[in-house]
Amino acid sequence: MATTIRSIKSLVPLLDRVLVQRIKAQTQTASGIFLPESTVKELNEAKVLAVGPGGIDKEGKRVPMGVAAGDRVLIPQYGGSPVKVGEEEYHLFRDSEILAKINE
C-alpha cells in the first residue's frame, strides 16, 4: 500500500536530514527569447524547506545543523532521496551532503 502525502508541510525530516526543492532554471533569456525545456539544465541550487533536529554524536549530544529553513544551498547533481508530492519533486539530503550555503 503506497503512502500519499497531501502536503509537503506534513513531511518533517528526522535526525540530520534536510528537505530541499531544486530551483528551476529560467526558460527565458534576458532578451525575451523562450528556451525549449530540452536545452535547460537542472541547477545544483536548492531552497531548504525543512531541517531535522540534528544528528547525535558518540557521546549522545545533538550535533547542530549547518543550514536552516529558507536558506539557499548548493547540492550534488545526483543523490538524495526523491519525494514526489503531486507534480512537484523534492529531495531529502543528509546535512553532510550539502555542498555549500549561498549567502546573498
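What percentage of the 104 residues of the protein count as buried? I looked that up before anything else, and the answer is 26%. Note to self: this is a predicted model, so I am reading computed values throughout.

**Entry: overall make-up**

I went through the secondary structure next and found zero helices and six strands. Walking from the N terminus, I wrote the order down as β-β-β-β-β-β. For the surface I got about 7,700 Å² exposed, with carbon and sulfur atoms supplying 54% of that area. Then I checked the contacts between residues at least 6 apart in sequence: 62% of them join residues at least 24 apart.

**Entry: who pairs with β1**

I started with strand β1, residues 17-22, and looked for its partners. With strand β5 (residues 88-94) it pairs in the antiparallel sense, over four bridges. At one spot in this pairing I found Arg 17 standing opposite Arg 94 of β5. Two arginines facing each other there; I marked the pair for a look on screen.

β1 is also joined to strand β2 (residues 45-51), again antiparallel, and here I noted five bridges. One of the contacts I traced was Arg 22, whose bridge partner in β2 is Ala 46. So my sketch has β1 bridged to β5 and to β2.**Entry: β4, β5 and the hairpin**

What does β5 pair with besides β1? Strand β4 (residues 81-85) pairs with β5 in the antiparallel sense, over five bridges. I followed Ser 81 across and landed on Leu 92, its bridge partner in β5. β4 and β5 form a hairpin with two residues between the strands. I checked the backbone there, and Gly 86 takes a positive phi near 65 degrees.

**Entry: Pro 64**

Last stop was the loop between β2 and β3 (72-74), where I found Pro 64. Is Pro 64 buried or exposed? I have Pro 64 down as exposed, because its relative accessible area is 65%, and the cut-off for exposed is over 50%. I also took a distance from Pro 64 to Asp 95, which sits 31 residues away along the chain: their C-alpha atoms are separated by 9.7 Å.

Conventions: Residues are numbered from 1 along each chain as its sequence is written. This is a predicted model: local features need pLDDT of at least 70, side-chain atom pairs count only at pLDDT 80 or more; totals for chains, interfaces and linings use all residues. Side-chain values use heavy atoms; hydrogens and water are left out. Buried means under 20% relative accessible area, exposed over 50%, partly exposed in between (1.4 Å probe, protein chains only). Contact means heavy atoms within 4.5 Å. Accessible areas come from the Shrake-Rupley method with a 1.4 Å probe; for residues, only the protein chains shown count as cover. Two strands pair if DSSP finds at least two bridges between them.
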